[in-house]
Amino acid sequence: RAQRPDTLIAFESMYGAFVGGASGYLAELNTHADVIGVSYYPINDDFSVRPPRAVNDDIAALVAAVPEKPIYFYQFGYPSSELLGSSEAMQAEFIRESFAAWDTHADRVKMIDFTWLTNHSDAEIDGFEDYYGYHDERFSAFLGSLGFRYHDGTEKEALNALREET
């Protein structure tokens with residue numbers, strides 16, 4: 001702060017930590033922050049998707065759980081992989097539900113950065129698995145289907161939903 005007083009300070013954590021067991025720790029840490037930094041993916045522990053409408057309750061719970069500071073979603077997404085119980089239609093519905101929730105909480109939610117507009121190649125996903133040290137087909141399906149276009153550039157339904165909502 002002394003060197004760059006106009007720079008916003010944030011600590012990013014996964015959504016579940018804010019509303020779960022790490023909430024006290026994050027509350028203390030965020031007393032030193034200007035904004036609340038969040039990564040959000042409505043998935044279960046096995047990477048299967050939760051219903052797209054879950055974003056409404058989740059954002060409401062986050063707003064209630066964190067200090068009265070602006071919320072910035074630095075990572076925000078929903079996979080479309082059928083292996084995870086999802087689809088292109090569900091990913092598109094997630095986009096619509098996200099904007100509805102954002103409208104409801106626009107006074108607190110200042111930014112949503114959708115993770116990837118385009119899926120990564122299989123080789124790039126392998127690199128992410130190496131980076132995280134976790135090799136699992138469900139994890140790979142999660143990472144490999146977050147984009148709103150396929151790796152070859154073919155658009156998914158979610159890209160049109162994003163266009164409509166923005």
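In this predicted model, Ser-98 sits in helix H4. Its relative accessibility is 0%, so Ser-98 counts as buried. Beyond residues up to four places away in sequence, Ser-98 touches Val-55 and Phe-76. Helix H4 covers residues 88-104. Phe-76 falls in strand E3, which spans residues 71-76. Val-55 belongs to helix H3, residues 54-65.

The strands form an open sheet. It has 4 strands in the order E1-E2-E3-E4, and the pairing is parallel. Strand E1 (10-14) and strand E4 occupy the edges. Each of these two has a single partner strand, so one side of each lacks a neighbour in the sheet. On average, neighbouring strands are turned by 20° against each other, with direction ignored.

Strand E2 (residues 35-40) and strand E3 run parallel and are joined by 5 bridges. Within this pairing, Ser-39 stands opposite Gln-75 of E3. Strand E3 also pairs with strand E4 (residues 109-114), again in the parallel sense, over 4 bridges. Here the bridge partner of Tyr-72 is Met-111 in E4. The connection from E3 to E4 passes through helix H4, and this β-α-β crossover is right-handed.

Two helices pack on the strands. Helix H3 lies across E2, E3 and E4 and runs at about 140° to E3. Helix H4 lies across E2, E3 and E4 as well, running at about 165° to E4.

In soluble globular proteins, nonpolar side chains tend to be buried together. The largest nonpolar core of the model has 30 residues. Those with the most contacts inside this core are Ile-71, Phe-73, Phe-76, Ile-95 and Phe-114. Phe-76 is thus a link back to the opening residue, because Ser-98, buried at 0% relative accessibility, touches Phe-76. Helix H1 (15-19), E2, H3, E3, H4, E4 and helix H7 (157-165) each give two or more residues to the core. Helix H4 gives the most, with 5 residues.

Phe-73 shows how the core is connected. Leaving aside residues up to four places away in sequence, Phe-73 touches Val-38, Tyr-40, Ile-59, Leu-62, Val-109, Met-111, Ile-112 and Asp-113. Among these contacts, Val-38 and Tyr-40 lie in E2, residues 35-40. Ile-59 and Leu-62 lie in helix H3, residues 54-65. Val-109, Met-111, Ile-112 and Asp-113 lie in E4, residues 109-114. Met-111 also serves as the bridge partner of Tyr-72. A separate core of 10 residues lies apart from the largest one and includes Tyr-41, Phe-47, Ile-125 and Ala-141.

Side chains of opposite charge can pair when their charged atoms come close. The whole structure holds 6 salt bridges. One of them joins Arg-138 and Asp-46, with an N to O distance of 3.7 Å. This pair links distant parts of the chain, 92 residues apart. Arg-138 belongs to helix H6 (residues 137-144), while Asp-46 lies in the loop between E2 and H3. Both ends are partly exposed: Arg-138 has 23% relative accessibility, and Asp-46 has a relative accessible area of 38%.

Another salt bridge joins Asp-58 and Arg-50 at 2.7 Å, N to O. Its two ends fall in separate accessibility classes. Asp-58 counts as buried, because its relative accessibility is 7% and the cut-off is under 20%. Arg-50 is partly exposed at 23%.

A further salt bridge lies within helix H4. It links Arg-96 to Glu-93, and the closest N and O atoms are 3.7 Å apart. The two residues are 3 apart in the helix, so about one helical turn separates them. Arg-96 is partly exposed, with a relative accessible area of 32%. Glu-93 is partly exposed too, at 30% relative accessibility. Helix H4 thus carries both this partly exposed pair and the buried Ser-98.

Asp-136 lies in the loop between helix H5 (122-132) and H6. Its relative accessibility is 27%, so Asp-136 counts as partly exposed. Asp-136 and Asp-58 are 78 residues apart along the chain, and their C-alpha atoms are separated by 26 Å. Asp-58, by contrast, is buried at 7% relative accessibility.

Methods. Residues are numbered from 1 along each chain as its sequence is written. This is a predicted model: local features need pLDDT of at least 70, side-chain atom pairs count only at pLDDT 80 or more; totals for chains, interfaces and linings use all residues. Side-chain values use heavy atoms; hydrogens and water are left out. Two strands pair if DSSP finds at least two bridges between them. A crossover is right-handed if, with the strands pointing away from the viewer, the path from the first strand over the helix to the second runs clockwise. Axes are lines fitted to C-alpha atoms, for helices over the stretch in contact, and angles run from 0 to 180 degrees between N-to-C directions. Contact means heavy atoms within 4.5 Å. Buried means under 20% relative accessible area, exposed over 50%, partly exposed in between (1.4 Å probe, protein chains only). A salt bridge is a side-chain nitrogen of Lys or Arg within 4 Å of a carboxyl oxygen of Asp or Glu. A nonpolar core is a set of buried Ala, Val, Leu, Ile, Met, Phe, Trp, Tyr and Cys residues joined through side-chain atoms within 4.5 Å.
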